[in-house]
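Work through the exercises below with the structure open. Each task is followed by a solution in steps.

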Amino acid sequence: MFFVSTGVFEYVALPLPVVVVLVVCCLVIALFLLPRNQGKVIETRPPAWDIYARMLITTAFVLVLTGVASVLGSRLSGLLAPLPLYGTIFAIFTQRFQGASPTRQLLRGVIVGSFAFSTFFLIIAIVIVQVGIVAAFGCALLGVLVVQGCTLRFMNMNHQNRE
């Protein structure tokens, strides 16, 4: 699904308000469709090389993507680079060493964090021309803190209501 939507967005540019609505809807749908934890979480300790392997694989992907960026173009390279790359690597390692339930928790966290991630780029897109780089990044950081706080509060309230 990610590669299909990336291919579409390579050729289709939508107005910013439409993109915002689509992003929020997709994230809400993803949260709704992701199965809840159903198993007992077993504490395990990944091998010592785990973090190094994650860093090496992620760095390799970034280097390859950077290397082919001139062929892909800046737009497609940007569409391929962010969270799906890192989320996939983390999910693979988590699944391998900790199982399905922790992997669902990880993916749920990636989706919840994507609200703030999206907010950051939305604010940058809206204000950077008017206020400049430093102020735009400051505003985006404040926006991220507010949105992340709200999503965490909502998720905690939602979790308490289910218990």
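**Exercise 1. The exposed side of a helix**

Task: In this predicted model, state which residues of H3 are exposed on the side away from its buried ones.

Solution. Step 1: The exposed residues on that other side of H3 are Tyr-52, Leu-56, Leu-63, Thr-66 and Gly-67. Step 2: Exposed here means over 50% relative accessible area.

**Exercise 2. The buried face of H3**

Task: Find which residues of H3 are buried and how they are arranged around its axis.

Solution. Step 1: H3 covers residues 50–67, 18 residues in total. Its span from first C-alpha to last is 26 Å, close to the expected 26 Å at 1.5 Å a residue. Step 2: Asp-50, Ala-53, Arg-54, Thr-58 and Leu-65 are the buried residues of H3. Step 3: Viewed down the helix axis, these buried residues fall within an arc of 125°, so they line one face of H3.

**Exercise 3. One residue on that face**

Task: Is Thr-58 buried or exposed, and which residues does Thr-58 contact beyond its neighbours within four places in sequence?

Solution. Step 1: Thr-58 sits in helix H3. Step 2: Its relative accessibility is 15%; the cut-off for buried is under 20%, so Thr-58 counts as buried. Step 3: With neighbours within four places set aside, Thr-58 is in contact with Tyr-86 and Ile-89.

**Exercise 4. Packing of H2 and H7**

Task: Describe how H2 and H7 pack, and give the residue classes in their contact.

Solution. Step 1: H2 spans residues 16–33 and H7 spans residues 100–131. Their axes are 9 Å apart, at an angle of about 170°. Step 2: Angles over 145 degrees count as roughly antiparallel, so H2 is roughly antiparallel to H7. Step 3: On the H2 side the contact includes Leu-16, Val-20 and Leu-27, and on the H7 side it includes Arg-108, Phe-115 and Ile-126. Step 4: By class, the contact has 14 nonpolar, two polar and one charged residues.

**Exercise 5. Two residues of H7**

Task: Assign Arg-108 and Gln-105 to an accessibility class.

Solution. Step 1: Arg-108 and Gln-105 both lie in helix H7. Step 2: Arg-108 has 12% relative accessibility and therefore counts as buried. Step 3: Gln-105, at 40%, counts as partly exposed. Step 4: Not counting residues up to four places away in sequence, Arg-108 touches Leu-31, Leu-34, Pro-35, Arg-36 and Met-155. Step 5: For Gln-105, the C-alpha to C-alpha distance to Thr-94 is 9.9 Å, with their positions 11 residues apart in sequence numbering.

Notes: Residues are numbered from 1 along each chain as its sequence is written. This is a predicted model: local features need pLDDT of at least 70, side-chain atom pairs count only at pLDDT 80 or more; totals for chains, interfaces and linings use all residues. Side-chain values use heavy atoms; hydrogens and water are left out. Axes are lines fitted to C-alpha atoms, for helices over the stretch in contact, and angles run from 0 to 180 degrees between N-to-C directions. Helices (H or I, at least four residues) and strands (E, at least two) are DSSP runs, numbered from the N terminus. Angles under 35 degrees count as roughly parallel, over 145 as roughly antiparallel, 65 to 115 as roughly perpendicular and the rest as oblique. Contact means heavy atoms within 4.5 Å. Ala, Val, Leu, Ile, Met, Phe, Trp, Tyr, Cys and Pro count as nonpolar, Asp, Glu, Lys and Arg as charged, and the others, Gly among them, as polar. The expected span of a helix is 1.5 Å times one less than its number of residues. Buried means under 20% relative accessible area, exposed over 50%, partly exposed in between (1.4 Å probe, protein chains only). The arc is that of the directions from the helix axis to the C-beta atoms.
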